[in-house]
Amino acid sequence: MKLKRSRIERTCHPCGAIIHKGDLYGSRSTKIGGRSTQEEHEEAGREGKFLIEFISVKRDICSNCCSN
């Protein structure tokens with residue numbers, strides 16, 4: 001994983017350590033949510049609603065967790 005230099009103070013998602021300004025960190029995207037059922041698709045179509053199955057969230061990771 002390519003490491004970047006932090007411009008602001010961040011928190012490591014896996015271990016909770018503080019990533020200070022100027023420290024190296026990596027980032028990884030995580031998917032939240034799951035597949036919807038056929039019934040949910042049909043219900044959303046009847047009611048004219050949007051159906052969001054999952055979203056992608058970027059998580060910051062400190063250099064120690066990146067190397068493990």
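Let's start with I32, which sits in strand β4, a stretch that covers residues 24-33. Keep in mind that you're looking at a predicted model. How buried or exposed is I32? Its relative accessibility comes out at 40%, so I32 is classed as partly exposed, because that label covers whatever falls between under 20% (buried) and over 50% (exposed). I32 also has company: together with I52 and I55, I32 makes a nonpolar patch on the surface of about 300 Å².

Now follow strand β4 into its sheet. Which strands make up this open sheet, and in what order? There are three of them, arranged β1-β4-β5, and they pair in an antiparallel way. At the edges you'll find β1 (4-5) and β5 (54-62), each of which has a pairing on one side only. Take a look at where β4 meets β5: nine bridges join these two strands, again in the antiparallel sense. If you'd like a spot to zoom in on, find T30, which stands opposite V57 of β5.

Next, hop over to helix α1, made of residues 38-47. E43 is part of this helix, and E43 is partly exposed too, because its relative accessible area is 39%, a value that lies between the 20% and 50% limits. Which residues join E43 in a surface patch of negative charge? They are E39, E40 and E42.

So that's the tour: a nonpolar patch that includes I32, an open sheet with the order β1-β4-β5, and a negatively charged patch that includes E43.

Key. Residues numbered from 1 in each chain as written. Predicted model: local features only at pLDDT ≥ 70, side-chain atom pairs only at ≥ 80, totals over all residues. Heavy atoms only, no water. Patch = residues over 30% accessible without salt bridge, like charges linked within 9 Å, V, L, I, M, F, W, Y side chains within 5 Å. Areas by Shrake-Rupley, 256 points an atom, 1.4 Å probe, with all protein chains shown as cover. Salt bridge = Lys/Arg side-chain N within 4 Å of Asp/Glu carboxyl O. Lys, Arg positive; Asp, Glu negative; His and termini not counted. Charge placed at Lys NZ, Arg CZ, Asp CG, Glu CD. Helix = DSSP H or I, 4+ residues; strand = E, 2+ residues; numbered from the N terminus. Buried < 20%, exposed > 50% of the residue type's maximum accessible area, 1.4 Å probe, protein only. Pairing = 2+ DSSP bridges.
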